[in-house]
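Reader: I would like a close look at the middle of this model, meaning the part that the rest is packed around. Please start from the outside for contrast and work inwards, in one connected account.

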Amino acid sequence: MPMPIDAEPYAIAVEPGRTALVIIDMQRDFLLPGGFGESLGNDVSLLNAAVAPCQAVLAAARACGMLVIHTREGHRPDMADCPPAKWARGPEGMRIGDPGPMGRILIRGEVGHDIIPELAPAAGEVVLDKPGKGAFCATDLDLILRSKGIEALLVCGVTTEVCVNTTVREANDRGYRCVVVSDACASYFPAFHAAALAMVKAQGGIFGWVAPSGAVLAALG
Ligand code: C5J
């Protein structure tokens, strides 16, 4: 049964069985002090506004049996999958792989790399480790989605202009219809958040649709 979502630039109907909720990088390393986000000089508290809307959309998606995918940006402990050009960002001693208060920054298996407890994945949900900003780069996400017959994505997470936007662009080019849940995404830069949402829905929805969590909840409800 298609669910119409009151979105911009126009309403979009999605079928729960052919739609996945993708929650991007709601990791301690981005949301809490001492992680990668802060190591780059950001005020991590700005991201926390997205937590409650994400929780609400996650609960609704679970209730209607939707496929849920949680992504985590990070690297192998030996950092074989971290390109030097990425590693070299940020001040020395606060780079990917360096020790921080939550373990080595952005390294798989460390406390900081994991998803915040408020959005902990449930048994059976997909947890997708990605080395890049986009969730399709060097991962099996496309294979998972196609194997499950998914054609539309509800996208939440952080940050709106980096990993959310990159993933939506990758997904759009692969033929998925994407709805970005505006208040369930956040950025260290409010202006970038607004611009990133505007880019998605501009020109008749050039990369996808944008809807607040209230509209998504009303549709899933
Ligand atoms: C960043 C992300 N901002 N998850 N990662 O480096 O957006």
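**From the outside in**

Author: Gln203 is exposed, with a relative accessible area of 67%. The cut-off for exposed is over 50%, and Gln203 passes it at 67%. The residue belongs to helix H7, which covers residues 190–205. Its phi is positive, about 55 degrees, although Gln203 is not a glycine. The model is a predicted one, so these values describe a prediction.

Met79 can be set beside it. Phi of Met79 is also positive, near 60 degrees, and Met79 is not a glycine either. Here the relative accessible area is 18%, so Met79 counts as buried, the limit for that being under 20%. Met79 sits in the loop that runs from E4 to helix H4 (84–87).

Now to the strands. Which strand is largely enclosed by the rest of the structure? The strand is E3, residues 19–24: six of its six residues are buried, so the rest of the structure largely encloses it. In a regular strand, side chains alternate between the two faces of the sheet. In E3, Thr19, Leu21 and Ile23 point one way, while Ala20, Val22 and Ile24 point the other way, and all of them are buried.

E3 is paired with two strands listed here. With strand E8 (residues 152–158) it runs parallel, joined by six bridges, and Leu21 has Leu154 as its bridge partner in E8. With strand E4 (residues 67–73) it also runs parallel, through five bridges, and Ile23 stands opposite His70 in E4.

E4 in turn leads on to E7. These two strands run parallel and share five bridges; Ile69 has Val126 as its bridge partner in E7. Strand E7 (residues 126–130) differs from E3 in how its faces are covered. In E7, Val126, Leu128 and Lys130 point to one face and are buried, while Val127 and Asp129 point to the other face and are not buried.

Lys130 deserves a stop. Is this residue of E7 buried or exposed? Lys130 has a relative accessible area of 0%, so it is buried. Setting aside neighbours within four places in sequence, Lys130 is in contact with Ile24, Asp25, Thr71, Arg72, Glu73, Gly74, Arg108, Ala135, Thr139 and Cys163. Ile24 is one of the residues of E3 described above.

Gly74 is another of the residues that Lys130 contacts. It is in the loop between E4 and H4. Its relative accessibility is 0%, so Gly74 is buried. With residues up to four places away left out, Gly74 touches Asp81, Leu106, Arg108, His113, Lys130 and Pro131. Arg108 therefore appears in the contacts of both Lys130 and Gly74, two residues that are each buried at 0%. Gly74 and Arg95 lie 21 residues apart in sequence, and their C-alpha atoms are 12 Å apart in space.

Next come the nonpolar cores. The largest has 46 residues, and Ile5, Leu21, Met26 and Val216 have the most contacts inside it. Helix H3 (residues 51–63) gives the most to this core, with six residues. A second, separate core has 27 residues, among them Ala135, Leu141, Val155 and Tyr176. Leu21 is the residue of E3 that is paired with Leu154. Leu154 also appears around Ile5: apart from neighbours within four places in sequence, Ile5 is in contact with Ala11, Ile12, Val14, Leu154, Ala211, Ala215, Val216 and Ala219.

Two peptide bonds are worth noting on the way. The one from Glu8 to Pro9 is cis, with omega near 5 degrees, and Pro9 lies in the loop between strands E1 (3–5) and E2 (12–14). The bond joining Val158 and Thr159 is also cis, with omega about -15 degrees. Thr159 is placed in the loop between E8 and H6.

Thr159 brings the account to the largest pocket. This pocket holds about 190 Å³ of space. It is lined by 14 residues, and those closest to its centre are Leu40, Asn42, Thr159, Val162 and Tyr188. Helix H6 (residues 160–173) gives the most to the lining, with three residues. Sorted by class, the lining has eight nonpolar, two polar and four charged residues.

Conventions. Residues are numbered from 1 along each chain as its sequence is written. This is a predicted model: local features need pLDDT of at least 70, side-chain atom pairs count only at pLDDT 80 or more; totals for chains, interfaces and linings use all residues. Side-chain values use heavy atoms; hydrogens and water are left out. On a 1 Å grid over the protein atoms alone, a cavity is a set of points where a 1.4 Å probe fits but cannot get out, and a pocket is an open set with protein on both sides within 12 Å along at least five of seven lines; lining residues have an atom within 4 Å of a point. Grid points are joined across faces, edges and corners, and a volume is the space filled by probe spheres set on the points. Helices (H or I, at least four residues) and strands (E, at least two) are DSSP runs, numbered from the N terminus. Ala, Val, Leu, Ile, Met, Phe, Trp, Tyr, Cys and Pro count as nonpolar, Asp, Glu, Lys and Arg as charged, and the others, Gly among them, as polar. A nonpolar core is a set of buried Ala, Val, Leu, Ile, Met, Phe, Trp, Tyr and Cys residues joined through side-chain atoms within 4.5 Å. Buried means under 20% relative accessible area, exposed over 50%, partly exposed in between (1.4 Å probe, protein chains only). Contact means heavy atoms within 4.5 Å. Two strands pair if DSSP finds at least two bridges between them.
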